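Here's a quick walk through a protein chain for anyone at the bench. Have a look at the sequence and the model first, then read on.

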Amino acid sequence: MTNNTLKAIFSRTSGHCHFCGDRLFFARRGIKKGQPEKGAWEVDHVIQKDKGGKNAAENYLPACVRCNRLRWHRKGRALRELLLLGLIAKKEIKKNTDAGKHFRRLVARRQAANRQRNLKKEPMT
Ligand SMILES: [Zn+2]
């Protein structure tokens, strides 16, 4: 993919994630060791390849790495289910119910596991 194509894709959302709207930094495309995750982005298929989407600039939008990795291959019904479960979990957490407390612990455990995994990827200095 050429730099001009990447700039065209990036500018389609004025340099913001098409999922969450967070600001992206053009130079932070992809995940690179030692690079902050904030503002890192990837090209995302609007129409996924297995649904007939093409590998063409018109079919791409910029997405922050975090959103793109959470969505992963989910689409349609599976993506809506994920969003619904997220809304339910958020409500339980906000109300501080037993389920909400459990969700909060699960999130903390998941984030700790992700940090450990990312630390293993960091180069030794
Ligand atoms: Zn995002």
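Among contacts in the protein chain between residues at least 6 apart in sequence, what percentage join residues at least 24 apart? The figure is 43%, where two residues are in contact if their C-beta atoms, placed from the backbone, lie within 7 Å.

Before going further, a word on the model. This is a predicted model, where local features need pLDDT of at least 70, side-chain atom pairs count only at pLDDT 80 or more, and totals for chains, interfaces and linings use all residues. Residues are numbered from 1 along each chain as its sequence is written.

**Overall layout**

The protein chain has four helices and two strands, and reading along the sequence gives you α-β-β-α-α-α. Helices (H or I, at least four residues) and strands (E, at least two) are DSSP runs, numbered from the N terminus. Along the principal axes, the C-alpha atoms take up a box of roughly 50 × 45 × 25 Å.

The domain assignment splits the protein chain into domain 1 (1-73) and domain 2 (75-125); such bounds come from an automatic or database domain assignment. Going by C-alpha atoms, the centres of domain 1 and domain 2 sit 22 Å apart.

How much of the protein chain counts as buried? Of its 125 residues, 9% do. A residue is buried if 20 or more other C-beta atoms lie within 10 Å of its own, exposed if 12 or fewer, and partly exposed in between, with C-beta atoms placed from the backbone.

**Two residues with positive phi**

Most residues other than glycine have a negative phi. Here are two with a positive value:

| Residue | Phi | Loop between |
|---|---|---|
| Ser14 | near 55° | helix H1 (3-11) and strand S1 (41-45) |
| Asn96 | near 55° | helix H3 (76-95) and helix H4 (98-121) |

Why does Ser14 count as exposed? Because it has 9 C-beta neighbours inside 10 Å. Asn96 is exposed too, with 10 other C-beta atoms within 10 Å.

**Over in helix H4**

Lys120 is placed in helix H4. With 7 C-beta neighbours inside 10 Å, Lys120 counts as exposed. How far is Lys120 from His16, C-alpha to C-alpha? The two are 104 residues apart along the chain, and their C-alpha atoms are separated by 29 Å.
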